[in-house]
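Here are my notes on the strand pairing and the nonpolar cores, set out as numbered points for you to follow alongside the model.

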Amino acid sequence: MLWVEAAGHGRPIVCVDGRAAVWQAQVPTLAALGHVVTFDQRGVGRSSPSAIRYSTTQMAEDLLSVLDALGFESATLVGHGLGS
C-alpha cells in the first residue's frame with residue numbers, strides 16, 4: 001500500500017520523489033495553485049515494503065495507480081532525481 005497525502009483543490013499537481021516529506025515546504029505554495037498530491041514510493045517511508053524487484057517501470061506503474069485511485073485523468077508532474 002502506498003502512503004498518499006493531498007492538499008488544495010483544482011487541477012492535480014503530483015510531486016514525485018522517494019518520500020512525500022521531501023515536498024513539505026513546497027506543498028502550501030503549490031496547494032494555492034491546485035490539488036497537490038505527494039506519496040511515499042513503494043518500500044519507502046510510510047508505504048508498505050515489497051519483495052518485488054524495484055524498477056523504473058514499477059515506479060511508473062505505482063504512480064499510475066495513485067492517479068487512478070484519485071480519479072485523475074491527467075496531472076502536472078513535479079519531480080527531481082529519479083522522480084523526474
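1. Ala6 has Val37 as its bridge partner in E3, within an antiparallel pairing of strand E1 (residues 3-7) and E3 over 5 bridges. Two strands count as paired if DSSP finds at least two bridges between them, and strands (E, at least two residues) and helices (H or I, at least four) are DSSP runs numbered from the N terminus.

2. This is a predicted model, in which local features need pLDDT of at least 70 and side-chain atom pairs count only at pLDDT 80 or more, while totals for chains, interfaces and linings use all residues. Residues are numbered from 1 along each chain as its sequence is written, and side-chain values use heavy atoms, with hydrogens and water left out.

3. E2 pairs with E3 in the parallel sense over 4 bridges, and Pro12 has His35 as its bridge partner in E3.

4. Because 6 of the 6 residues of E3 are buried, E3 is largely enclosed by the rest of the structure; buried means under 20% relative accessible area (1.4 Å probe, protein chains only). His35, Val37 and Phe39 are buried on one side of E3, and Val36, Thr38 and Asp40 on the other.

5. The largest nonpolar core (buried Ala, Val, Leu, Ile, Met, Phe, Trp, Tyr and Cys residues joined through side-chain atoms within 4.5 Å) has 8 residues, namely Val14, Val16, Val37, Phe39, Leu63, Val66, Leu67 and Phe72. Strand E2 (12-16), strand E3 (35-40) and helix H2 (56-69) each supply at least two residues of this core, with the largest share, 3 residues, coming from H2.

6. Another core, of 6 residues, lies apart from that one and includes Ile13, Cys15, Val27 and Val36.

Notes. Buried < 20%, exposed > 50% of the residue type's maximum accessible area, 1.4 Å probe, protein only.
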